[in-house]
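Q: Hello! I am new to this structure and would love a close look at one part of it, with a friendly walk through some other spots afterwards.

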Amino acid sequence: MTSPLLPTFARVDLQFEQGQGVWLATRDGERYLDFGSGIAVNSLGHAHPHLVEALTRQAGKLWHTSNLFRIPEGERLAQRLVDNSFADQVFYTNSGAEALECAIKMARKYHAANGQPERYRIITFEGAFHGRTLATIAAGGQAKYLEGFGPKVDGFDQVRVDDAEALKAAIGPATAAILIEPVQGEGGVRVVPPAKLRELRKLCDEHGLLLILDEVQTGVGRTGKLFAHEWSGVTPDIMAIAKGIGGGFPLGACLSTLEAGKGMTAGTHGTTFGGNPLAVAVGNAVLDVVLAPGFLDHVNQISLLLRQRLAELRDRFPHIIAEVRGEGLLLGLKLNVPNTSFAAAALDERLILVGAGDNTVRLLPPLTITEDEAREGLARLEAVAGRLQREARGAAAGAA
Ligand SMILES: *Cc1c(COP(=O)(O)O)cnc(C)c1O
């Protein structure tokens, strides 16, 4: 198949024409249950009426003015993010990687503003994913993303999450910050224990480092709190968000305290598109829903149901499912069969999952999923596990 697209994605040969809530439909009307949400992006599902209304209303008024002018809806969204988090200020981006770029630059600039420009190094963790720009692939440290792209951007030191000694040893006079995802998403839905986050906060305070959280995947309700770090009780100095905040419209943000952002004065950073009127109209509409009383309780209820039933599936199909992981509706199944086979078998059952590292598949349904829809997903997962188990038995019998 020749394609005019740069072949960087191994795409599934499927195309969807329409979405409604947790459902996606192909042109011939085949319906798929979407437990991928476009990689944790469609936080309110597809074609949520409130988001459609907000976007179309804004589209008829004004699309773009650039950040040379004030954008009142952007100021309103920033104020709501500030009112509901540790942060004092917000910088908008179009993507997660750009939000991380802002976070990285801010951490370096902070120390420069303090008269210590030599402090520019950031400690990151094995299995991390922070995006695909030159700096964020260096931060993520994965060889497969770095290879062939020239010298790795300097300034990132990577340690294992569970190696407290290596972490302490990595902190030196050039260290500016520690950067971590509260739950590693791409890395395989690996939850960082709350005690670990508290330890990182303490280390940062002791050594004058900034704590940067990458909540691009975990933020905006995905884990059952508005931001995942709330489970641990610690707050960061800088936080990157994206994915869920736009509900499908490209929007990211870098949030910070006044202190951490003190080097980012006029002219030090910028963006043409970031936080344009269309994006922030949708961002506000997403928050209207996510901040409504009871919404996060709903996320946690569905999460509990899924986790209980998934644990039962693991017990029934131990040769297929090794472990259930995650928080809220960022759930993962660590598998004993290749995750690609599992995801392909799920597609046969008209269920969309997303693969991740450490041989896992991610379950990332829209946060608006109902209990009945969750049960439908579980039934399909049961069918997948059952089929893979029968196939494995058949293969073993054939070999015997
Ligand atoms: C998706 C993701 C990113 C990168 O976001 P893009 O919008 O693809 O640039 C960064 N960090 C985490 C944790 C992510 O899940």
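Which residues does S66 touch, not counting residues up to four places away in sequence?

A: Happy to help, and please keep in mind that this is a predicted model. Once residues up to four places away in sequence are set aside, S66 touches I71 and T272. To find S66 on the chain, look in the loop between α2 (49–59) and α3 (72–83). Its relative accessibility is 16%, and because buried means under 20%, S66 counts as buried. The side chain of S66 also has a polar atom that lies 3.1 Å from the backbone nitrogen of L68.

From that loop we can move to another one, between β11 (238–241) and β12 (252–256), where K243 has its place. The UniProt record, an unreviewed entry, puts the feature "modified residue: N6-(pyridoxal phosphate)lysine" at K243. If you leave aside neighbours within four places in sequence, K243 is in contact with I39, A40, V41, E186, V216, Q217 and L251.

Two of those partners, I39 and A40, bring us to helix α1, which covers residues 37–40. S37 lies in this helix. S37 has a positive phi of about 50° although it is not a glycine. For background, most residues other than glycine have a negative phi. S37 is also buried, at 0% relative accessibility. V189 is another residue to look at here: its phi is positive, about 50°, and V189 is not a glycine either. You will find V189 in the loop between β8 (183–184) and β9 (190–191). With a relative accessible area of 0%, V189 is buried.

Now for a loop residue with some exposure. A174 is found between α7 (164–170) and β7 (175–180). Its relative accessibility of 21% makes A174 partly exposed. Apart from neighbours within four places in sequence, A174 is in contact with E118, R119, Y120 and R121. A99 makes a useful reference point: A174 and A99 are 75 residues apart along the chain, and their C-alpha atoms are separated by 23 Å.

Next, the aromatic rings. A pair of such rings is described by the distance of the centres and the angle of the planes. There are two aromatic pairs in this model. In one of them, the ring centres of F16 and Y32 are 5.3 Å apart and the planes stand at 75°, so this pair is edge-to-face. F16 belongs to strand β1 (residues 16–20) and Y32 to strand β3 (residues 31–34), so the pair links distant parts of the chain, 16 residues apart. F16 is partly exposed, with a relative accessible area of 33%, whereas Y32 is buried at 5%.

The other pair is F129 with Y145, whose ring centres lie 5.9 Å apart with planes at 75°, so this one is edge-to-face too. F129 sits in the loop between β5 (121–125) and α5 (134–140), while Y145 is in helix α6 (residues 143–146), so the pair ties together parts that are 16 residues apart in sequence. Here F129 is buried, with a relative accessible area of 17%, and Y145 is buried as well, at 18%.

Rings can also have a charged group over them. R31 lies over the face of W23, at 4.2 Å from the ring centre. In a similar way, the charged end of K225 sits over the ring of W231, 4.8 Å from its centre.

Let us finish with strand β17, which spans residues 360–363. Both of its faces are covered: T360 and R362 on one side, and V361 and L363 on the other, are all buried. β17 runs antiparallel to strand β14 (residues 330–335), and four bridges join the two. Within that pairing, G332 has R362 in β17 as its bridge partner. β17 also pairs with strand β16 (residues 354–356), in the antiparallel sense and over three bridges. There, A356 stands opposite T360. β16 and β17 form a hairpin with three residues between them, and D358 in the turn has a positive phi of about 60°.

Notes
Residues numbered from 1 in each chain as written. Predicted model: local features only at pLDDT ≥ 70, side-chain atom pairs only at ≥ 80, totals over all residues. Heavy atoms only, no water. Buried < 20%, exposed > 50% of the residue type's maximum accessible area, 1.4 Å probe, protein only. Pairing = 2+ DSSP bridges. Phe/Tyr/Trp six-rings, centres within 6.5 Å; stacked < 30°, edge-to-face > 60°. Lys NZ or Arg CZ within 6 Å of the ring centre and 35° of its normal. Polar contact = N/O pair within 3.5 Å; in protein donor to acceptor, adjacent residues only side chain to side chain. Contact = heavy atoms within 4.5 Å. UniProt positions renumbered as here; feature names shortened; annotations may be inferred.
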